[in-house]
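I'm opening a fresh notebook page for a structure I haven't looked at before. My plan is to go from the whole assembly down to a single helix.

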There are 2 protein chains.
Amino acid sequence: MLTLPEVLAASQRIAPHIHRTPVLTSRGLDALLGKRLFFKAEHLQKTGSFKARGALNAALELQNPKGLIAVSSGNHAQGVAYAAGILRVPALVVMPSDASPTKKAAARAYGAEVYDQGVTVENREAVAEKLAEETGYTLIHPFDDLRVMAGQGTLALELLEQAPTLEAVLVAVGGGGLISGVATVVKALRPEVEVIGVEPETANDAQQSLQAGRRVSLPQAPKTVADAVRTLAVGERTFPVMQRHVDRILTVPDEVTLQAQRLMMERLKQVVEPTAGLALGPVLMGYPLPQRVAVVVCGGNWMP
Amino acid sequence: MLTLPEVLAASQRIAPHIHRTPVLTSRGLDALLGKRLFFKAEHLQKTGSFKARGALNAALELQNPKGLIAVSSGNHAQGVAYAAGILRVPALVVMPSDASPTKKAAARAYGAEVYDQGVTVENREAVAEKLAEETGYTLIHPFDDLRVMAGQGTLALELLEQAPTLEAVLVAVGGGGLISGVATVVKALRPEVEVIGVEPETANDAQQSLQAGRRVSLPQAPKTVADAVRTLAVGERTFPVMQRHVDRILTVPDEVTLQAQRLMMERLKQVVEPTAGLALGPVLMGYPLPQRVAVVVCGGNWMP
């Protein structure tokens, strides 16, 4: 089980290489949506997403790694490539062949080699394990690793300082690495603050899992515009943290996710990914929520 | 002639209603372009552009106005609408009928009435003067007004504090309201800092005017993606300030403007207008420039 001290240690460890991202607000957007909203701007993080935090924390805990390998739809790949650059070792990232060209190019721009031949969402972990054996590089899991979860949680330490009056946090859920880190911090320091996961309607495996009390897998790669949360199931290590600390999971249809993304671009003037729109979705849906709500803007690696 | 004390007074006057916008930086972009760049983020200003500064300063100097009228391709309209809202008087904005729907909608969202029937870039000032007579409202010129110029100059007071090491400032030039305000401040406080105007290749009336020593008008509305600088000539009041304080004017073709806009969206994760890309254009063009360059990001009222 992830604990607060591990997140505090991660925060110290990664601080020299990571931005303390700002919290953005807009009175116009607040008036439009009838809430006080705090946007934790991880699209302004190194590599353009929060994934740099977890990847770097995991990498800095390794003893003389020969190289790093990542399995990722994109942002974790850039995080691992960034971490490898800091450690001055090679990075190899395994991406589905249909991952966005922007994300592939970005991983390469951070100095990684991209491996995508014949890779699908379903087979990518097996491919990566084989590559790890062949190369002797260390595989850094995108979410099911306590060091990664601790790294992602560091953004919540900042958020609680930056928006001390908040009553709830909305977090997009894929494998659960981000929300397990965030929930660990929030429930240790401010247990009255609600931690709310958000999933696409077509990819509600975390919601089903929490309801069933066991990890439920999607039968196949889900179709959703929120490309950062297309994982088939939450992790073995993230699930118990979610069971203990996450208050509820809400679902959002893709059309609302895109509407929310557009609204963030129009009103905040920020370039954000569809998955960042997903986290704002519940506010647009009219789900009952407290008045002062933080939205984790998970990334900005997207172009019109 | 505009003077520093007028800009200082404007700064005091408008401060309660205006954001002190941040200066954004990106090490990645600096490395890519070989400069140290400071982006003065006026797309994050109230109304999404610097125009709120000048419009508000002019409006706050009026004695009990009955209402305000603006002639504008868009951003000044929103600025005047915003100012009218603060004064609690009506706003009427005259826009070319082919102005972007986003800008019309935004002016209406700020409570203005939009007048665009039969309005063109060429006849809009005459239309506005007629409307002013009919309604008794006060016309606020988009640039050729010392109070407006003083308001725009307030951003330079902030910039010099926020980026004290800068050696040059790049400013898009339309009618010259922004650059005359900025140049007045910079040359009063830091005369060694270069003030460089930027125009589209197809709309280089300011460059021609400074070379000729008299105001040169474009024969017709120029075709350029930089829609905020489609004015036919610089102003009677802005021109002498530009003659005294502007070091040089550079021109940029539209394709470079769009490339620069895209780069700012990709690397800074900010939604900016094409005209903001125009100001960065000279860096991409390889024009000889000092090492530490500020770019005025004039606005963000644009959507993909």
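Here are my entries, in the order I looked things up.

**Entry 1: what I'm looking at.** I'm working with a predicted model, so I keep that in mind throughout.

**Entry 2: how the two chains relate.** I asked what rotation puts chain B on top of chain A. I got 180°, with 0.0 Å of shift along the axis and an RMSD of 0.0 Å. That is how a two-fold axis relates its copies. Next I wanted to know which residue of chain B comes closest to that axis. I found Gln270(B), with its C-alpha at 2.3 Å.

**Entry 3: where the chains meet.** I looked up how many residues of chain B are in contact with chain A. There are eleven, and they touch eleven residues of chain A. On the chain B side I noted five nonpolar, four polar and two charged residues. I also checked which surface each copy uses: 100% of the interface residues of chain B are interface residues in chain A too, so the copies meet through the same surface.

**Entry 4: inside chain A.** I pulled up the domain assignment, which gives domain 1 as 4–50 + 146–297 and domain 2 as 52–140. The centres of these two domains of chain A, taken over C-alpha atoms, are 23 Å apart. Where they touch, 24 residues of domain 1 are in contact with 20 residues of domain 2. On the domain 1 side, helix H1 (4–14) and helix H7 (146–162) of chain A each supply at least two residues. H7(A) gives the most to that side, with eight residues. By class, I noted ten nonpolar, nine polar and five charged residues on the domain 1 side.

**Entry 5: one helix up close.** I picked helix H4 of chain A, residues 75–87. Its 13 residues reach 18 Å from first C-alpha to last, close to the 18 Å expected. Is H4(A) mostly covered or mostly uncovered? I found it mostly covered, with ten of the 13 residues buried. Among the buried ones I jotted down Asn75(A), His76(A), Tyr82(A) and Ala84(A). Then I looked for what covers the buried residues of H4(A), and my list includes helix H3 (51–60), helix H5 (101–109) and the strands E3 (68–71), E4 (91–94) and E6 (138–140) of chain A. Last, I checked what comes just after H4(A): Arg88(A) takes a positive phi of about 60° there.

Terms used: Residues are numbered from 1 along each chain as its sequence is written. Chains are lettered from A and ligands numbered from 1 in the order in which they are written. This is a predicted model: local features need pLDDT of at least 70, side-chain atom pairs count only at pLDDT 80 or more; totals for chains, interfaces and linings use all residues. Copies are superposed by least squares on the C-alpha atoms of residues with pLDDT of at least 70 in both. Two residues are in contact if their C-beta atoms, placed from the backbone, lie within 7 Å. Ala, Val, Leu, Ile, Met, Phe, Trp, Tyr, Cys and Pro count as nonpolar, Asp, Glu, Lys and Arg as charged, and the others, Gly among them, as polar. Domain bounds come from an automatic or database domain assignment. Helices (H or I, at least four residues) and strands (E, at least two) are DSSP runs, numbered from the N terminus. The expected span of a helix is 1.5 Å times one less than its number of residues. A residue is buried if 20 or more other C-beta atoms lie within 10 Å of its own, exposed if 12 or fewer, and partly exposed in between; C-beta atoms are placed from the backbone.
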